[in-house]
Amino acid sequence: MVQVTFHENPVTLPNKEVKVGDEIPNFTVLDNDLNPVTAQDTAGKVRLFTVSPSLDTSVCSVQAKRFSEEASSLGDGVAVYYVTCDLPFAQKRWTEVNEVKNLITLSDHRDLSFGEAFGVTMQELRLLARSIFVVDENDKVTYVEYVPEGTNHPDYDKAIEAVKELTK
């Protein structure tokens, strides 16, 4: 079972851990126009799902900007999704204010479907734990990082290298 802290305090995650080799779990989130997006809707490309508590915090903002910058060099066969529990309206505002163009923001605020399926819902906070999932075009998970301390950054280089390995 994955163990995560947030500001050094333990948090409770669902008893679910996605591992390398697993098939992508099904989920339903919302895009910035309140349209549902499922795992099947993302199929057909290599996908990097970068997950965090909220875009309106410094570490999360840096995480989104970094993966947006990296996405521009990954090619058309890769999609980068940023999943938080922020409202879709807040995500849209954040991406516009920060001029982020290579990232698709998705909101899990409605029913925590993504968080429950991937085992990243911090139950005490109703937020998502910082994590990274890379999924190949055949829906197999090829890279996973559950960041042990929620206020720390993920390993950007390892995540991008995992994507690049799939696009060679």
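Select phenylalanine 114 to begin: in this predicted model, its relative accessible area is 0%, so Phe114 counts as buried. Add phenylalanine 118 to the selection, which is likewise buried, with a relative accessible area of 0%. Both residues belong to helix H3, which spans residues 113-118, and because they are four residues apart there, about one helical turn separates them. A search of the whole structure finds 11 aromatic pairs. In the pair formed by phenylalanine 114 and phenylalanine 118, the ring centres are 4.0 Å apart and the planes meet at 15°, so the two rings are stacked; the angle falls under the 30 degrees used as the cut-off for stacking.

Now widen the selection to Phe27, Phe49, Tyr81, Phe133 and Tyr146, which ring pairs link together with Phe114 and Phe118 into a cluster.

From this cluster, follow Phe133 into strand E10, which covers residues 131-135. How many of the five residues of strand E10 are buried? Five of the five are, so the strand is largely enclosed by the rest of the structure. If you display the side chains, you will find Ser131, Phe133 and Val135 pointing one way from E10, while Ile132 and Val134 point the other way. In a regular strand the side chains alternate between the two faces of the sheet.

Next, show the strands that pair with E10. Strand E5, residues 46-51, pairs with E10 in the antiparallel sense over five bridges, and within this pairing leucine 48 has valine 134 as its bridge partner. Strand E11, residues 141-146, also pairs with E10 in the antiparallel sense, again over five bridges, and here phenylalanine 133 stands opposite valine 144.

Move along to the connection between E10 and E11, which form a hairpin with five residues between them. Select aspartate 139, which is found in this loop and has a positive phi of about 70° although it is not a glycine. With 22% relative accessibility, aspartate 139 counts as partly exposed. Most residues other than glycine have a negative phi.

A further residue to select for its backbone is glutamate 99, whose phi is near 55°, a positive value in a residue other than glycine. Glutamate 99 is found in the loop between helix H2, residues 88-97, and strand E7, residues 104-107. Is glutamate 99 buried or exposed? Its relative accessible area is 61%, so glutamate 99 is exposed.

Turn then to the surface and select Leu34, Leu87 and Phe89, which form a nonpolar patch with about 290 Å² of accessible area together. Of these residues, leucine 34 has its place in the loop between strand E3 (28-30) and strand E4 (36-38), and at 39% relative accessibility it counts as partly exposed.

For the last stop, select cysteine 60 and cysteine 85. A search of the whole structure finds zero disulfides; cysteine 60 is in none, and the nearest cysteine sulfur, that of cysteine 85, is 11 Å away. Why does the sulfur of cysteine 85 form no bond with that of cysteine 60? The separation of 11 Å is too far for a bond, since a disulfide requires the two sulfur atoms to lie within 2.5 Å. Cysteine 60 counts as buried at 1% relative accessibility, and cysteine 85 is buried as well, with a relative accessible area of 11%.

Conventions:
Residues numbered from 1 in each chain as written. Predicted model: local features only at pLDDT ≥ 70, side-chain atom pairs only at ≥ 80, totals over all residues. Heavy atoms only, no water. Buried < 20%, exposed > 50% of the residue type's maximum accessible area, 1.4 Å probe, protein only. Helix = DSSP H or I, 4+ residues; strand = E, 2+ residues; numbered from the N terminus. Pairing = 2+ DSSP bridges. Phe/Tyr/Trp six-rings, centres within 6.5 Å; stacked < 30°, edge-to-face > 60°. Patch = residues over 30% accessible without salt bridge, like charges linked within 9 Å, V, L, I, M, F, W, Y side chains within 5 Å. Areas by Shrake-Rupley, 256 points an atom, 1.4 Å probe, with all protein chains shown as cover. Salt bridge = Lys/Arg side-chain N within 4 Å of Asp/Glu carboxyl O.
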